[in-house]
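The report that follows is meant for someone meeting this structure for the first time. It moves from single residues to strands and helices, and it closes with the chain as a whole.

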Amino acid sequence: MSELVTGEAVALELRPARLPSRALAVLLDLAAAVAVYIAVTIGLVAATASLDEAARTALSIAVFVLVLVGGPIVVETLSHGRSLGKLACGLRVVRDDGGPIRFRHALVRGLIGVIEILMTLGVVACIASLVSARGRRLGDVFAGTLVVRERVPAGQAGFVPPPPPWLAGRFTGLDLSAVPDGLWLAVRQYLTRMRQLDPAVGWSMAERLAADLAERTGTPVPPGVPPAAYLAAVLQERQAREARRAFGSGTAGGGQSGAAGLAGVAAFPVPPAEHPPAQYPSAPHPAGPAAEVPPDVRPPVPPAVPGAVPPADVPGDRPSTGFVPPA
């Protein structure tokens, strides 16, 4: 099975749909559209029997355009890329970065689909899908979309670790409109594969991605926050906004309550049993002897009392999450 691979040789868990499944989905969609067109035409003929021939011809053309062209556009927009045929075949149309499509994506796909599917009987679409490495037809290329398989075994899906709890709701006011889709895709792919990278290489990649993200948003990375945790927190905020916009759930205020109300919708699920808790890498220490801590910054150690039970750790402002701030 093929995967989406970036220039960093990192695989994305979205699996592009191939020609057989896509062709079956298109046939099912066309069958449903033709059935609706025939039913509407029969009713229209009975309702416009008193009109002249020119008026009936104009109405027939309008019904053809609305049902066979406008219908798929409306269905894909309202269902977020899941038409009747794609639902039956387990497919979905998404953006290149994996997000839900909008009206403009469905419009471009539908208009170009008239030429490469309806007018050429699907020959152009089949050739384009065979030539494309990801099975995309011309409508997908111009719309910036991709048809993927939703039914992927759970063990093969990539796990995006959630940010630490003390970062929840910290970036609700961040302006994410200037961040391109390619940068979001790179951030997501890094988070899913960061435990497989060398610590020094992973840290440098996280710093570079965090710097690019901070430059696009106009807000620097907060001091003391590891770059990987910063990336996870901002990506979760973006996914929460996309989910609220696409599915209409959650509150408009966002924040921690909005992220908590979107459980199961955003792309940050609770880690399953086979995934260990997220451990974001800390700054790699240089080789050599460990640096001595000056005596004036060492915390005072209270004298031991014989027979006393050691006190439990008292949590500070930030609870222990396993996230080590950079040295």
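V124 is found in helix α5, and in this predicted model the residue is partly exposed, with a relative accessible area of 32%. Leaving aside residues up to four places away in sequence, V124 touches E116 and L138. The second of these partners, L138, is 14 residues apart from V124 along the chain, and the C-alpha atoms of the two are separated by 8.3 Å.

Two loop residues can be described side by side. H80 is found in the loop between α2 and α3, the latter helix covering residues 84–89, while L121 lies in the loop between α4 and α5, where α5 covers residues 123–131. H80 has a positive phi of about 60° although it is not a glycine, and L121, which is not a glycine either, has a positive phi of about 60° as well. Are these residues buried or exposed? H80 is buried, with a relative accessible area of 17%, because values under 20% count as buried. L121, in contrast, is exposed, with a relative accessible area of 76%.

R109 lies in helix α4, which spans residues 103–119. With a relative accessibility of 3%, this arginine counts as buried. Which residues does R109 touch, if those up to four places away in sequence are not counted? They are R22, E76, K86, V93, R137, G139, D140, A143, T145 and V147. V93 in that list falls within strand β4, residues 91–95, and T145 and V147 fall within strand β5, residues 145–149, which leads on to the sheet.

The strands β3, β5 and β4, in that order, form an open sheet of three strands with antiparallel pairing. The edge strands are β3, residues 15–16, and β4, residues 91–95, each of which pairs on one side only. Strand β5, at residues 145–149, pairs with β3 in the antiparallel sense over two bridges: the bridge partner of R15 in β5 is R149, and that of P16 is V148. On the other pairing, five bridges join β4 to β5, and these two strands also run antiparallel. Here R92 stands opposite V148 in β5, so that V148 is matched with P16 as well as with R92. Four of the five residues of β5 are buried, and the strand is therefore largely enclosed by the rest of the structure. As a general point, the side chains of a regular strand alternate between the two faces of the sheet.

Two helix pairs come next, and their geometry is set out in the table.

| Helix pair | Angle between axes | Axis separation | Crossing |
|---|---|---|---|
| α1 (residues 19–47) and α2 (residues 53–78) | about 155° | 10 Å | right-handed |
| α7 (residues 181–193) and α8 (residues 199–217) | roughly 150° | within 11 Å | left-handed |

Helices α1 and α2 pack at an angle of about 155°, and they are therefore roughly antiparallel to each other. Their contact is made by A33, V34, V36, Y37, V40, T41 and L44 of α1, together with L59, S60, V63, F64, V67 and L68 of α2. The residues of this contact divide into 11 nonpolar and two polar, with no charged residue among them.

The axes of α7 and α8 cross at roughly 150°, which makes α7 roughly antiparallel to α8. On the α7 side, the contact is made by L183, W184, A186, V187 and Y190, and on the α8 side by G202, M205, A206, L209, D212, L213 and R216. What kinds of residues make up the contact of α7 with α8? They divide into nine nonpolar, one polar and two charged.

Taken as a whole, the protein chain contains 10 helices and five strands. Of its 327 residues, 37% count as buried. Among the contacts in the chain between residues at least 6 apart in sequence, 72% join residues at least 24 apart.

Conventions:
Residues are numbered from 1 along each chain as its sequence is written. This is a predicted model: local features need pLDDT of at least 70, side-chain atom pairs count only at pLDDT 80 or more; totals for chains, interfaces and linings use all residues. Side-chain values use heavy atoms; hydrogens and water are left out. Axes are lines fitted to C-alpha atoms, for helices over the stretch in contact, and angles run from 0 to 180 degrees between N-to-C directions. Angles under 35 degrees count as roughly parallel, over 145 as roughly antiparallel, 65 to 115 as roughly perpendicular and the rest as oblique. A crossing is left-handed if the near helix is turned anticlockwise from the far one by less than a right angle, and right-handed if clockwise. Contact means heavy atoms within 4.5 Å. Ala, Val, Leu, Ile, Met, Phe, Trp, Tyr, Cys and Pro count as nonpolar, Asp, Glu, Lys and Arg as charged, and the others, Gly among them, as polar. Buried means under 20% relative accessible area, exposed over 50%, partly exposed in between (1.4 Å probe, protein chains only). Two strands pair if DSSP finds at least two bridges between them.
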